[in-house]
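Good morning, colleagues. May I ask you to look at the structure on the screen while I describe selected parts of it?

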Amino acid sequence: MAENSPARLWTMRATYLGLALMIFFVHLLPMQIMPQRLAGPDVLTALTFAWALRRPDYVPMISIAAVMLTADLLFHRPPGLWAVLVLLATEWLKPRGRQVRENTFAAEWLTAAMALLFITLIYRLVLALLIVTPGMLSLWLMQYGMTVVAYPLVAGISYLALGVRRSTPGEYDHTGRPL
Amino acid sequence: MASDRNASDDFTGPLKRLLLVVLVLALSGIFLLWRIDSPRVERFRAQVVDSIVPRMDWAMAPVTASVRLFRDFQSYQRLSEQNAELRRELRQMTAWKEAALQLEQENARLRDLNNVQLDPRLTYITAVVLADSGSPFRQSVLINVGSRDGIVDGWATMDGIGLVGRISGVGDNTSRVILLTDATSRIPAEIQPSGQRALIAGDNTSAPPIDFLENPDLVRPGDRIVTTGDGEVFPPDLLIGQVAQDPGGRLRVRLAADYERLEFLRVLRDHGARQVGSPSALILPETIPDSGEAPSPAPSDATEPPGDG
């Protein structure tokens with residue numbers, strides 16, 4: 001029970017924000033000024049999905065919305081669109097986490113990949129409808145693939161380094177509600 | 001405990017749903033507002049960037065410097081190879097230097113004869129690159145000068161040699177430069193010596209293609225590309241690069257600016273530049289040019305086919 005104390009909860013919530021800041025920092029380093037042929041994984045989205053599936057209480061809606069909106073503004077994307085899609089996807093994923101935790105890791109991975117595919121398609125569709133250049137399709141496909149591949153890595157590191165593991169069915173938080 | 005849990009779920013459930021609805025509406029509202037009134041939201045974006053990125057700078061500068069150091073170290077491994085190459089280039093350069101000195105003297109003499117004054121308006125502000133766009137889909141950099149230093153949207157930026165991009169988004173202490181390689185960048189250009197006009201349209205590759213070229217036969221790989229003063233976008237005669245042909249036969253620009261190592265940029269002060277204040281100013285000019293003469297060709301076109309028949 002000590003593991004689910006309020007102190008631990010708030011530390012992990014702050015850790016999510018700290019990790020997001022670190023990811024912004026690495027992305028913004030002026031290292032790749034030439035256009036890249038390869039698109040790296042969207043680590044921030046993978047991290048958000050992994051945490052939402054494993055420990056929904058560590059990533060409340062407010063922090064997801066704030067982090068994703070800041071990312072949109074900093075990375076020169078259309079502001080708000082990716083944020084709203086990620087928010088909806090995580091809200092869809094959070095109750096799925098309870099079903100998935102009794103299954104294998106493959107099921108969790110598939111669920112996250114499906115959610116990501118779905119919001120990526122909607123993102124491109126909305127941008128196309130509103131006549132905003134969404135960027136090259138090949139880069140998007142590559143980024144999608146890389147993010148899906150990076151998901152187990154992100155989930156593994158969160159588990160090993162930060163102890164973000166799937167809660168077991170008999171577990172309660174400090175107010176006595178089941179996780 | 002069970003009843004307690006149910007009660008708290010009953011209490012937090014609708015609240016959570018309400019929060020979700022509010023957040024979704026707020027975020028989609030921001031997106032729609034951006035689509036409708038882009039300059040206003042872009043100004044907001046510039047302010048957010050302005051308040052976040054300079055605070056990261058203390059950590060970014062050393063990390064960037066050490067990564068560069070490491071990359072340089074990797075290149076030391078090819079030292080002897082590079083040395084030989086540099087010696088070869090140096091021999092060529094000595095010949096060029098001789099030619100340049102002679103031309104410079106000749107140029108100075110001719111200027112003196114013509115009493116030429118160089119354009120005094122083109123002064124520049126030097127800026128340091130703080131950050132890149134952070135996304136593979138956009139090509140832009142943030143620089144450490146902003147409206148406090150008198151930067152205005154639309155000004156041209158160069159490295160020492162060639163054009164790098166255009167200022168778009170100015171905060172107090174930072175501003176964003178859209179690079180020529182960005183998919184939204186369109187720069188009117190002239191190809192010398194044939195004098196053909198064209199648009200340099202970025203497409204997220206390192207060599208942007210040349211669009212809207214009137215007569216491609218007059219253009220050869222190796223021709224110089226410079227900016228034109230067309231549309232009051234940029235000051236004329238800034239070097240962009242050289243024409244190159246890709247394997248598909250399409251004409252592209254080999255950019256003169258060294259994008260691999262953008263550390264310092266020059267922002268050219270350009271007080272004649274057209275400024276975009278409201279969204280409609282992007283589309284409509286304030287006064288429609290030649291409005292008196294426009295109708296006259298239309299009737300003559302209409303009467304021509306019967307005359308032919």
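I shall speak about the contact between two chains, then about chain B, and finally about a single residue.

Please bear in mind throughout that this is a predicted model.

Let us begin with the contact. How many residues does each chain bring to the contact? Chain A gives 39 residues, and chain B gives 48 residues. On the side of chain A that touches chain B, four helices each supply at least two residues: α1 (6–28), α3 (61–74), α4 (81–100) and α6 (137–162). Which of these helices provides the largest share? That is α4(A), with six residues. As for the character of this side of chain A, 25 of its residues are nonpolar, 11 are polar and three are charged.

I turn now to chain B. Its secondary structure consists of four helices and 12 strands. The chain has 309 residues, of which 27% count as buried. If we take the contacts in chain B between residues at least 6 apart in sequence, 58% of them join residues at least 24 apart.

Lastly, I should like to consider one residue of chain A. A:Ala161 lies in helix α6 of chain A, a helix that also supplies at least two residues to the side touching chain B. Is A:Ala161 buried or exposed? A:Ala161 has 8 other C-beta atoms within 10 Å, and is therefore exposed, since a residue counts as exposed at 12 or fewer. A:Arg101 stands 60 residues from A:Ala161 along the chain, and the C-alpha atoms of the two are separated by 20 Å.

Key:
Residues numbered from 1 in each chain as written. Chains lettered and ligands numbered in written order. Predicted model: local features only at pLDDT ≥ 70, side-chain atom pairs only at ≥ 80, totals over all residues. Contact = placed C-beta atoms within 7 Å. Nonpolar A, V, L, I, M, F, W, Y, C, P; charged D, E, K, R; others polar. Buried ≥ 20, exposed ≤ 12 C-beta atoms within 10 Å, placed from the backbone.
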